Each structure stands twice: as structure tokens, then as C-alpha cells.
Amino acid sequence: KDVDLAKDFFLRCVKERPDNSKLEGDLINFLWQNERYADVVEYCRSAVQKKPNEFDMHEYLARSLEMSGKTDEAVQTMQQLIDRVADRDVMVNAYLVLLWIHQHSKQYDKAIADGNRILSEFRDSARIPYTRYLLSNVYTLKGDSKEAERLLQQLVDADPDSLPPGIVAAANNDLGYLWADEGRNLPRAQEMIKRAITIQPNNAAYLDSMGWVLFKVGKFADAVTYLKKAVEVEESADAVIWDHLGDAYQQVDRMPEARKAWEKSIELYKKDPRERSEEHTSELQSPCNLVCRLLLEKK
């Protein structure tokens, strides 16, 4: 886990084999995964000069600029690529990156415009289902659950063989969670989330969704089982999942564990108020949790 030393070795390899695109891609991905956004920006700025139509380098550059708080530069990077290329697949992918940039910077109306442009101008693209899914997330973040539900319903009702399995799982999970959170259609919501877990059994967000729908139907012990597994998956750092686990522990009268779970939730939420999976954007609102949080704040 010596990032600086690993970076040095990667750079030596790339210098020896400058035409090896896999080495170059591995270097950039390594830096991205370790949140070395400034390094990614520096390296990609040079790379895009040599390969002005290379999508991957533009994507890493734009995403790293956004993660560095340079939204305008990130948008400009992708817009310049769109203006320069004629390949429709590259253009679609570039608009998807723009959608992400605008979503991440909380410019939701612009993100929606990016998505709608893809839906209207690139109707034959294989990325249409993915675009609908991303748009559903944007509408959820914006607080428009009705429009998010409409888009998710389109994906859930589609022939599953016509969609990537990941989209089938995500759409079923997200719509199931939306219904569970609102206390609607709970039996069907549970079946949809079960379907998502069948496709991706170790997805922490999907396990959390199952725990939450079981919580909503009063099966608190079963909810604890799923929520414990959710937080154990890759040591989940999602504030909402820990909050749900605290709620479930409370209902089975395991208050010391509930308190620890809520404390963990607060710790993660303070670290980054946006630190929550895109499937779960509801605020940490339950009355008991609020009281516990206020007490913790006074420590």
C-alpha cells in the first residue's frame, strides 16, 4: 500500500514502454482508485495532447477535475471532445460523463438536460437503458421521486434479456427501495429486491434494501441479519446503512448495538454529508435517531 512507490514503478514501466496502452491505463486507474486526482489531472493533460480523440483519458481528466472541485474545467474538457469527434458512441459516453459531472456538482437540471439529450438524439444507442437509470438517480437526488419511479418502472417492465444484468439488478433494487422507504407495494418491493440480490448477492446496497423492506413489514430480526451483512461487505462506509442497522437493533431491543451503529452513521455523515450510496438518498430522520444524535453532539 505504498502508493508513492507504486506510482514510481508504474511511471518507470510507462517510460520504458510508452506505446503500451494497457500500462498507461493501469497507471491512470491506479492513481484514480487511490484518489490521487491531482496526479491524474497532470498525467491526463499531457496524454490528451498526444491523443486528442482518446475518450478514456478525457474521461479520467474530467472526472478528476470534478473531484478536485474544478467543475467548469471538467465540463469544458468533455464539451471540447464532443465538439471535436464524429463518433456517435464517443459522443454518447461523453454526454454521460457530463451528466455525472453535473449530478456530482448538484446541478441537477443540467444533468437532466444531458440525459434527455441522449434519449432524444441517440435513440439507437445501447447506452439508453443506462442513461434512464442514471436519470432516475438524478431525479431522486433532486427530490422528484415520481419521475424517478417512472424511469425505473420502464426498466423493470422491459424484457430483462434486452438489458445488461447490472441494470436489471439496479433498477429492481432502486424501485423496490423507493417503495419500501415510502411504505408502498411492500410485497412486490421485497420480490424486486430479492431479484437484484440474486443477480448480485454481495452488493451492500441491495442487502441494505432487503433489510429495510423487512424492517418496514415488521420482520426486525430478519432485517438485522441482512443489514449486518450489508455493513460487513467490504467494510461498508455508507452512513444510511449503519443508520438502518441502528433502527433494526432498536426494534429487537439491542440498544447498546443500536447506539454504536448510530454513532458510526454520524461519524460517516460528518466525514462527508454526501457519503451515501446513490440508491439511498433519504435523510437520517427517524425520531429516535435524531434524539440519539443530539445527545451525541453534546458529548
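**Notebook: a helical chain, region by region**

I began with G218, which lies in the loop between α12 and α13. I note at the outset that the model I am reading is predicted. With a relative accessible area of 37%, G218 is partly exposed. I then looked across to A248, which is 30 residues apart from G218 along the chain. The C-alpha atoms of G218 and A248 are separated by 9.7 Å.

**Entry: the chain as a whole**

I looked up the secondary structure and found 16 helices and zero strands in the chain. The chain has 299 residues, and 47% of them count as buried. I also looked up the contacts with a separation of 6 or more along the chain. Residues 24 or more positions apart account for 52% of these contacts.

**Entry: helix α12**

I turned next to the helix that comes before the loop of G218. Helix α12 covers residues 204-216 and has 13 residues. From its first C-alpha to its last, α12 reaches 18 Å, which is close to the 18 Å expected at 1.5 Å a residue.

How many of the 13 residues of α12 are buried? I found twelve, so α12 is largely enclosed by the rest of the structure. The buried residues are A204, A205, Y206, L207, D208, S209, M210, G211, W212, V213, L214 and F215. I then asked what covers the buried residues of α12. The cover includes α10 (165-182), α11 (186-199), α13 (220-232) and α14.

**Entry: α14 against α15**

Since α14 is among the elements covering α12, I followed it to its contact with α15. Helix α14 spans residues 239-251, and helix α15 spans residues 255-271. I read that their axes come within 8 Å and cross at roughly 165°. An angle over 145 degrees counts as roughly antiparallel, and α14 and α15 are therefore roughly antiparallel to each other. The crossing in which α14 passes α15 is left-handed.

I listed the residues that make this contact. From α14 they are A239, W242, D243, L245, G246, D247, Y249 and Q250. From α15 they are M255, E257, A258, A261, W262, K264, S265, L268 and Y269. By kind, the residues of the contact of α14 with α15 divide into ten nonpolar, three polar and four charged.

I also examined the loop between α14 and α15, where D253 is found. The phi of D253 is near 60°, a positive value in a residue other than glycine. I recorded this value because most residues other than glycine have a negative phi. Is D253 buried or exposed? At 64% relative accessibility, D253 counts as exposed.

**Entry: a second positive phi, at E35**

I looked up another positive phi and found one of about 60° at E35, although E35 is not a glycine. The residue lies in the loop between α2 (21-33) and α3 (37-50). At 56% relative accessibility, E35 counts as exposed.

**Entry: α2 against α4**

From the loop of E35, I moved back to α2, which precedes that loop. I found that α2 packs with helix α4 (residues 55-67) at an angle of about 15°, their axes being 11 Å apart. That makes α2 roughly parallel to α4. The crossing of α2 and α4 is left-handed.

Which residues of α2 and α4 meet? I noted E24, I28, N29 and W32 in α2, and M57, Y60, R63, S64 and M67 in α4. The residues of this contact of α2 with α4 divide into five nonpolar, two polar and two charged.

**Entry: D8 in α1**

I next looked at D8, which lies in helix α1 (residues 3-16). D8 is partly exposed, with a relative accessible area of 31%. I looked up its separation from L27, which is 19 residues apart from D8 along the chain. The C-alpha atoms of D8 and L27 are separated by 9.9 Å.

**Entry: E149 in α9**

I closed with E149, which lies in helix α9 (residues 145-157). Its relative accessible area is 19%, so E149 is buried; the cut-off is under 20%. Leaving aside residues up to four places away in sequence, I found that E149 touches L175, L178, W179 and R184.

Definitions and conventions
Residues are numbered from 1 along each chain as its sequence is written. This is a predicted model: local features need pLDDT of at least 70, side-chain atom pairs count only at pLDDT 80 or more; totals for chains, interfaces and linings use all residues. Side-chain values use heavy atoms; hydrogens and water are left out. Axes are lines fitted to C-alpha atoms, for helices over the stretch in contact, and angles run from 0 to 180 degrees between N-to-C directions. Helices (H or I, at least four residues) and strands (E, at least two) are DSSP runs, numbered from the N terminus. Angles under 35 degrees count as roughly parallel, over 145 as roughly antiparallel, 65 to 115 as roughly perpendicular and the rest as oblique. A crossing is left-handed if the near helix is turned anticlockwise from the far one by less than a right angle, and right-handed if clockwise. Contact means heavy atoms within 4.5 Å. Ala, Val, Leu, Ile, Met, Phe, Trp, Tyr, Cys and Pro count as nonpolar, Asp, Glu, Lys and Arg as charged, and the others, Gly among them, as polar. Buried means under 20% relative accessible area, exposed over 50%, partly exposed in between (1.4 Å probe, protein chains only). The expected span of a helix is 1.5 Å times one less than its number of residues.
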